[in-house]
Amino acid sequence: MPIRDLREWIALLEREGELVRVAADVDPDLEITEIVDRTVKAGGPALLFEHPKGAQHPLLINQFGTERRMCLAFGVSSLDEIAHQLSDVLEMQPPQGLLEKVRGLQKLKSIADSRPRTVKRGSVHDVVLQGDDVDLSVLPIQRCWPEDPAPFITLPAVITRDPRDGTRNVGMYRMQVMDKRTTFMHWQIHKDGRADWLATDGRIPVAVALGLDPITAYSASAPLPKHLDEFMMAGFLRGEPVELVRGVTVDLEVPAHAEIVLEGYIEKDELGEEGPFGDHTGYYTAAEPFPVFHVTAMTMRRDAIYPSIVVGKPPQEDAWLGKATERIFLPAVRTTLPEIVDYDLPVAGAFHNLAIVSIRKQFPGHASKVMHAIWGLGMLSLTKCVVVVDAHVDVHDYEQVLFYAGANVDPKRDVIVSEGPLDHLDHAPERQFFGGKLGIDATAKWPEEGARPWPAEIEMSEEIRALVDRRWPEYGIASVPPRSESSGR
Ligand SMILES: Cc1cc2nc3c(=O)[nH]c(=O)nc-3n(C[C@H](O)[C@H](O)[C@H](O)COP(=O)(O)O)c2cc1C
Ligand SMILES: [Mn+2]
């Protein structure tokens, strides 16, 4: 059974020994960040702060902070398993024979069943505060880093509809608190939420869901193409639709079992200086104009639990949201680029600074084709540096990648400097949003690519390996394990 809501998720974490309740009074102003930073870096548990100072609600954090919890969230034993479910659907062929037809229908049904379901009543409406009664200060909203000017809501699922065609969008964007009923909305330039806003004439209704089952919460961070509803993806990944209920003051549906929903609107031309904010780049992003969100209603479950996340110098909890995306989207990337064997976005590269890609090389210049394709593919287009290696290289083994990036590269021939769009938050380029791209072709080169005959890589023969395996105990080298790990090279 999929996890229904945040409370079932917390219960599961607790059963699995993955959650610690913190009873001490702890300040959401900086103190929680320092606790969480240490906990995340130690691979520690999710934390439920029961008495955040100055607030009336508990705070859950680090729910996604390890690979194991990420797998628990998705009900899988490895993140690649999720990718397999998706590639099954993406790679559907016309079925042959009855058995395949039946299986095909099951797959199609799983897609049809992914659509959100609207229900009449949701526990998110147990408490409804409107107008002057709305007060964000009852929530333990964190001020994360010393130079942040205010508290920021950091783990929201922000719901809008495209005013042109009505399609829903759900995204995760930080929200700086301005006063008890107002926040900023940090819609960066490449994001769908911002596009919905820019397409309105006057004001756009917005709903913000806080405290969801982990898959639905994750889906808000997933880089889906604009026309795809993130709640539908959540339904597919959960194997059960997301249940929605109509908002109280907005014409939008909101998750029926969310802990908290903020309803409101954003005007087309009301902007203010948002930030600075200690961001996932590891730096403070400078203050910039962003739209202002007015809250018209705050609805809650009884004893609502507020979810939060801290981003900062990697690794932080969001690394695991990023890794989930990396794994889940591999099959989708492969539908356009079937030559890709695997890819890795190193956590230290803050998602967009570096991608390592392994390919089955089929023609001269193939690596360059793949770099340019990455620079043209959805949010991957913001990738600053792409390193391409051959199929047998393990892209997750950075030592191995460095070996080939050193050994196989003639910088004059194999390095491409190009240009293109860059991440909104990247402080390095001369101009914001636009600048240089680096491609490094670390594949073995072909004569057509201007290489001399390429030498063979050193490998011991299978025969000798087997012999040494067999004889290992005879040598008496007890401190070395009997079978050398196959290097995969
Ligand atoms: C913890 C966290 C915080 C994020 N904060 C922001 C943000 O403040 N602004 C933004 O544009 N994207 C932010 N993102 C990235 C977006 O959620 C992500 O790009 C998502 O795909 C956007 O959805 P959209 O393309 O439907 O707009 C954040 C992601 C995570 C995991
Ligand atoms: Mn989207």
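Here is a short back-and-forth about the reasoning behind some labels in this predicted model.

User: What makes Asn-169, Asp-192 and Glu-230 donors of the manganese ion (ligand 2)?

Analyst: Distance does. The cut-off for this metal is 2.8 Å, and Asn-169 (OD1), Asp-192 (OD) and Glu-230 (OE) lie 2.1 to 2.2 Å from the ion. So they count as donors, though water is not among the atoms and the site may look incomplete. In sequence, the spacing of the donor residues reads N-x22-D-x37-E. Asp-192 in helix 6 (residues 192–198) and Glu-230 in helix 8 (residues 230–238) are 38 residues apart, a pair linking distant parts of the chain.

User: Why is Asp-192 called buried? And what about Glu-230, buried or exposed?

Analyst: Buried means under 20% relative accessible area. Asp-192 has 15%, so Asp-192 counts as buried. Glu-230 has 2%, so Glu-230 is buried too. Keep in mind that the cover here is protein chains only.

User: What makes helix 8 "largely enclosed"?

Analyst: Eight of its nine residues are buried, so helix 8 is largely enclosed by the rest of the structure. Those buried residues are Glu-230, Phe-231, Met-233, Ala-234, Gly-235, Phe-236, Leu-237 and Arg-238. As for the two ends, a side-chain oxygen of Asp-229 reaches to within 2.8 Å of the backbone nitrogen of Phe-231 at the start of the helix. After the helix comes Gly-239, with a positive phi near 75°.

User: How do you know which side chains make polar contacts with ligand 1?

Analyst: The test is a pair of N or O atoms within 3.5 Å. The side chain of Tyr-173 has an N or O atom 2.6 Å from an oxygen atom of ligand 1. For Lys-191, a polar side-chain atom sits 2.9 Å from a nitrogen atom of the ligand. Glu-230 has a side-chain N or O atom 3.1 Å from an oxygen atom of ligand 1. Each of those distances is inside the limit, so these pairs pass. Ligand 1 taken alone exposes 640 Å², and the protein buries 88% of that.

User: What makes up the shell around ligand 1?

Analyst: There are 20 residues around the ligand, with Met-172, Tyr-173, Arg-174, His-186 and Asp-192 coming nearest. They divide into nine nonpolar, seven polar and four charged. Strand 8 (168–171) and helix 6 are the elements giving two or more residues. The largest share, three residues, comes from strand 8.

User: Why is Asp-29 called partly exposed?

Analyst: Partly exposed covers what falls between under 20% and over 50%. Asp-29 has a relative accessible area of 32%, so that is where it belongs. Asp-29 lies in the loop between strand 1 (19–26) and helix 2 (31–41).

User: How do you know that the side chains of Asp-29 and Arg-143 make a polar contact?

Analyst: Their side chains come to 2.8 Å, and the limit is 3.5 Å, so the pair qualifies. The two residues are 114 apart in sequence, but their C-alpha atoms are 4.8 Å apart in space.

User: Why is the protein chain called as compact as a globular protein of that length?

Analyst: Its 13 helices and 23 strands belong to a chain with a radius of gyration of 25 Å. The globule rule gives 23 Å for 489 residues, and the value is close to that, so the label holds. The C-alpha trace spans about 75 × 60 × 50 Å along its principal axes. Buried residues make up 52% of the 489.

Definitions and conventions. Residues are numbered from 1 along each chain as its sequence is written. Chains are lettered from A and ligands numbered from 1 in the order in which they are written. This is a predicted model: local features need pLDDT of at least 70, side-chain atom pairs count only at pLDDT 80 or more; totals for chains, interfaces and linings use all residues. Side-chain values use heavy atoms; hydrogens and water are left out. Donors are N, O and S atoms within 2.8 Å of the metal (3.2 Å for Na, K and Ca); water is not among the atoms, so sites may look incomplete. Helices (H or I, at least four residues) and strands (E, at least two) are DSSP runs, numbered from the N terminus. Buried means under 20% relative accessible area, exposed over 50%, partly exposed in between (1.4 Å probe, protein chains only). A residue is near a molecule or strand if one of its heavy atoms lies within 4 Å of it. A polar contact is a pair of N or O atoms within 3.5 Å; within protein, one must be able to donate a hydrogen and the other to accept it, and residues adjacent in sequence count only if both atoms are side-chain atoms. Accessible areas come from the Shrake-Rupley method with a 1.4 Å probe; for residues, only the protein chains shown count as cover. Ala, Val, Leu, Ile, Met, Phe, Trp, Tyr, Cys and Pro count as nonpolar, Asp, Glu, Lys and Arg as charged, and the others, Gly among them, as polar. The radius of gyration is taken over C-alpha atoms; the globule rule is 2.2 Å times the number of residues to the power 0.38.
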